[in-house]
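These are my notebook entries on a structure I went through at the desk, starting with single residues and then moving to rings, helices and the whole chain.

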Amino acid sequence: MGHNEADTRAKLIDPVIHTLGWTEDLIRREVTAGTIEIISGRTKRRRGKADYLLCLPGEGGNPLPVAVLEAKKEDEHETLGLEQAKEYAKYLNVPFVFSSNGHLFAEYDSFEGTVNEDMVLEKFPKPETLRKLYEEKKGFALDSEVAKPLFVPYSGGQSERRYYQDAAIRSVLEKIASKKEKWNRVLLSLATGSGKTRIAVQLLEKLAKTGHLSKALFVCDRNQLKTQGYGRMFSAFGDNVAIVENKNPQTNARVIVSTYQALGIDEDGDQSFFLQNYPKNYFSHIIIDECHRSAWDKWSLVLTNNPDAVQIGLTATPRKIKGAATVGKDRDEEITRNNVKYFGEPVYEYPYAKGWEDGYLAACEIVKRHVSIDDSLLGRDELVKKGIYEAKTGKTLIYGDVKDAYVRTDFEKELILPDRRKAMCSDLFDQFEKTGGPKQKTIIFCVNDKHAEDVTNELNNLYIERGYPECEKFAFKCTQKGIACGILGENQETLIANMSGNKNSHFIATTVDLLTTGVDIPCIQNIVFFNYVTSPISFYQMVGRGTRIDETFDKYMFRIYDYTNASDLFGEEFISSPRHEPSTPKEEGKKRKIAKVHGYEIEIRDEGKFILMRDDATGRDRLVPLEEYKEKLAASLMEQVENLNLLREMWVHPDDRKHLISALPGGESGALLLRDLLDLKECDLFDLFAEIGFGVPAKTREQRASDFAYKNETWLLSLPSDSSEVIKAVANQFKENGIQELETRMIFYVPEIKKAGGTEALGKVGMDVEDLLTEVKMGLLAV
C-alpha cells in the first residue's frame, strides 16, 4: 500500500518543492473550525479540514497566499480531487490549484480556466514563476506601494482571523490595488454571524499601517451596529476612533463611527451638519455596514460627497434591481438600492451553508407547519354571520364596514383571528415541549405590534396553564412601538442583554422588525414565522438572528418554525423592484376599521422537516426535505461503496473515510445533522451509513464497545493476557468519541490504557501500532 496523504506530503512532495524555493515560511496551513458533534450530551469539534497554501514573500513579513496544494496518496492519480480543490481555492481566494501524488502533479489556473496534468513534480513552478503570473493577471506589482497592505501581519497573529476573513480582506485589497474599473468601490457578501465587523477593522488597520488611510468613516443605520463597530475599532485604533453623537463631529479622530441619523443624513435630518463638518472627499475610506439597506435616498450623500474615497459595502444580502430603469431623480436609487450595479459583483462571498459546513455557523433544521384557515378566503357574508366586530370598540360591524373578502396576508393586520392565534401558539408550545421544553431562546416574527402583544400574552398563559414554575418574563414583547411608548419597562439594550445573558428569564421575544438586523443574540435557538414575508432580503436578515454559535448556552444548531411558508425564500436572489414616482396622486380611500371575529376551527398540519444545503451548481442555499436528503445520501453512498465490507474497510482508514464523506451531498456537516435528526446521536457515522445504505440496524458506540470482546474472542485469546487487556481498553474508548478517538497517539495516555499495560504490553503482539489500531477498528465495526 502506498503512502497516505500525510506521508505523500512529508516524504515526497515537501522535499522536492523545498529545493524549488518553497521554504517552510512560504507554506501556510489553514484549518477550518471543524463540524460540531454532540456525543452523550457533550459537544466535540471534529477535526477541521486542512488546506496547504503556497505563499509569496513581500515587505511586511506576512506572505501572500496564491495557491492551494492538495496531496494525494502515492497510488492515486494526481488529478483525483482537483475539482474539489478548485472549490477550496474559491473560498481561500487563491488563483492557482495544484494536486500531486508525490510523483506527478496537475495544476488549475483560474485566470485561464485551464487544467494541465501528467507533469513530473521536479517541474513544479517556483515562487518567482507564480509571482510573475499573479502580477501579470492582477495588474499590479507586489513590490509596489499599492500592494503593501497585502503583506501587513495581523496585530494579534494569524489566530486573529478565520481563513475566509483573511480571504475576504485580501480580495478587497487586491481590487483596490488593481486600479481597474470601479477599483474604489468594493462589495463583500458574507453570511450573518461570519464577522463582517471584524473584517472591517482588520482592513482599516492594514491600510493605516501602510500609510494609505487618512480619515475613515464606518457608517451604519442602527445603534446596536454602531456600538459593536466602535468596540471593535477601539481595540485596534484606541483613542484614534470616536463615535459621532450629540452633534459632535469628532473631526480629530482618524476613524469615525456613526449612524446616518447622527450625521444628520436621514429623512428628517439636517444635511448641513454633515456638509459643514466633512467637506468633499474628506474621507479616504468609507465602510458601509449592511449596505443592502443603508445609503438610501438622502443617505447617499455619504457616497456622493466622497467620490474619491475607497467605498466598501458589507452585506449578507447583496441587492440587485429588476425591471426597467428608474424614473426621474433616481440617481440615489441606483447608488443605494442596486448594490451590484454600483459596487460591482462581490469580490468575495461566504454563504450561510458554507459557514455551517466549516463549523463556524450553527446548523439549521426547518420545521414547516400549515395553518388550515390560511388556505381560505373569508367572505363578507360568512364573517357577518359569525358576528364580526370592531377590534378597538367591540361594536358589531355592519355589512358596509366589512371588506368583500380577507386573505391570509390580511390576517392579524386587518382581521384579527383569536382562534388562529391560539392554535398557532399552542402548536408552537407543543413543538417546544418535544424538543427539550419551553425555556428556549426564541424570536417570533409577528404581523404588527398588536399581534406581538397578543402572541406574548397567549404564550405566557400557556406556560402557566401547563403547570410550569414561575418565570420572570418567559415571553415578552420587543417592538419599536413598545419601546418608543415606554411600556416595556426595559429599553431595547436591556431587553437584548437580558435575553442574551440570562439563562433563567427572557426566553421568547415577540417582535415585528426591531430584531431583524443589527442585533447580536448568539443564544437564539428558534426563529418563528407567524408573519408573511415576501422579501428574501428581510427573510435572510431574520434567519440571521439564529446562525451564530453560542458555546455558553451549548447552542450549536437552531430551528426555524415556519407557519407561513417563509422558508420558501431560501435560495431566492436578493432582488428589489425599482421604485417609481407615481404619475398621479394616490387616492385616499375610506379608512377601514380593524375587525375581529371568533368561531373558526383551526387545524395545524405537519408539512415535514427540512435541512438547508448548499447547491454546488449555483452556490445558493437550498431547502431539502429530510427524507429526500436521506435518500440522496444513501444513493450517493451506494455509488461510492459496493457493500458493507468495503464501507468498513474504507472507514478504518482516515484518508479513505475523509474522501468518502466529502464526496457525499452535504459532506460531514450534512451527515452529522441527519444523524442527529434521526435520533442516532449516540452512533458513529459508520452506523448511520450502514443503516441508510445497507439496511443494517444502527448500533450505539457503547454497544459496539461492549460487543468487542465477545466478537473478537478468538483473536484476543491468542494474545498475551496483558496485551489483550490493553486492546480491550483501547476499544472501550470508542464509546466516548467514536472512530476518531482511536486515531490519535494521545490515546495511549488515557489512564485506563496505561493501567492495563500501555504500549509496553502492546509490543508483545508483534504488530506495528498503526496496523494494530486498524485491526481494533475493524473488530469494533464487525456486524
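**Entry 1: aspartate 679.** I began with aspartate 679 and asked whether it is buried or exposed. Its relative accessibility is 66%, and since anything over 50% is called exposed, I put it down as exposed. I noted beside this that the model is a predicted one, so every value in these pages is computed from predicted coordinates. Aspartate 679 lies in the loop that runs between α21 (667–677) and α22 (685–694). I also looked up its backbone and found phi near 60°, which is a positive value in a residue other than glycine. I marked that angle because most residues other than glycine have a negative phi.

**Entry 2: histidine 506.** Here I looked for a second positive phi and found one at histidine 506, where the angle is near 55° and the residue is again not glycine. Histidine 506 also belongs to a loop, the one between α16 (492–501) and β24 (508–511). Its relative accessible area is 2%, so I recorded histidine 506 as buried, whereas aspartate 679 had gone down as exposed.

**Entry 3: lysine 196.** I next asked where lysine 196 is placed and what it touches. It is part of helix α5, and with a relative accessible area of 8% this lysine counts as buried. Setting aside the neighbours within four places in sequence, I listed its contacts as Leu190, Ala191, Leu314, Thr315 and Ala316.

**Entry 4: helices α4 and α5.** Since lysine 196 had brought me to α5, I looked up how that helix meets α4. The axes of α4 (residues 163–178) and α5 (residues 196–209) come within 10 Å of each other and cross at roughly 50°, and that angle makes α4 oblique to α5. The crossing in which α4 passes α5 is right-handed. On the α4 side the contact is made by Gln165, Ala168, Ile169, Val172 and Leu173, and on the α5 side by Arg198, Ile199, Gln202, Leu203, Lys206 and Leu207.

**Entry 5: helices α23 and α25.** For another helix pair I took α23 (residues 701–711) and α25 (residues 721–732), which pack at an angle of about 155° with their axes 8 Å apart. An angle over 145° counts as roughly antiparallel, and α23 and α25 are therefore described in that way. The crossing of α23 past α25 is right-handed. I wrote down Ala705, Phe708 and Ala709 from α23, which meet Ile727, Lys728, Ala731 and Asn732 from α25.

**Entry 6: tyrosine 360.** I then asked where tyrosine 360 sits, and found it in the loop between α11 (352–358) and β17 (363–371). At 10% relative accessibility it counts as buried. I checked its distance to glycine 193: the two are 167 residues apart in sequence, yet their C-alpha atoms are 8.5 Å apart in space. Tyrosine 360 also belongs to a cluster linked by ring pairs, together with Tyr91, Tyr163, Tyr164 and Tyr350.

**Entry 7: aromatic pairs.** How many aromatic pairs does the structure hold? The count I have is 31. One of them joins phenylalanine 98 and phenylalanine 105, whose ring centres are 6.2 Å apart and whose planes stand at 55°, so I entered this pair as tilted. Phenylalanine 98 is buried, with a relative accessible area of 1%, and phenylalanine 105 is likewise buried at 1%. In a further pair, phenylalanine 539 and tyrosine 540, the ring centres are 5.8 Å apart and the planes are at 90°, so that pair is edge-to-face. Both phenylalanine 539 and tyrosine 540 are buried.

**Entry 8: charges over rings.** I looked up two arginines whose charged ends sit over rings. The end of arginine 9 is over the ring of tyrosine 52, 3.7 Å from its centre, and that of arginine 657 is over the ring of tryptophan 651, 5.8 Å from its centre.

**Entry 9: the whole chain.** Last, I took the totals for the protein, which has 29 helices and 30 strands. Of its 783 residues, 55% count as buried. Among contacts between residues at least 6 apart in sequence, 72% join residues that are at least 24 apart.

Note on methods
Residues are numbered from 1 along each chain as its sequence is written. This is a predicted model: local features need pLDDT of at least 70, side-chain atom pairs count only at pLDDT 80 or more; totals for chains, interfaces and linings use all residues. Side-chain values use heavy atoms; hydrogens and water are left out. Rings of Phe, Tyr and Trp (its six-membered ring) pair if their centres lie within 6.5 Å; planes under 30 degrees apart count as stacked, over 60 as edge-to-face and the rest as tilted. Buried means under 20% relative accessible area, exposed over 50%, partly exposed in between (1.4 Å probe, protein chains only). A charge sits over a ring if NZ of Lys or CZ of Arg is within 6 Å of the ring centre and within 35 degrees of the ring normal. Axes are lines fitted to C-alpha atoms, for helices over the stretch in contact, and angles run from 0 to 180 degrees between N-to-C directions. Helices (H or I, at least four residues) and strands (E, at least two) are DSSP runs, numbered from the N terminus. Angles under 35 degrees count as roughly parallel, over 145 as roughly antiparallel, 65 to 115 as roughly perpendicular and the rest as oblique. A crossing is left-handed if the near helix is turned anticlockwise from the far one by less than a right angle, and right-handed if clockwise. Contact means heavy atoms within 4.5 Å.
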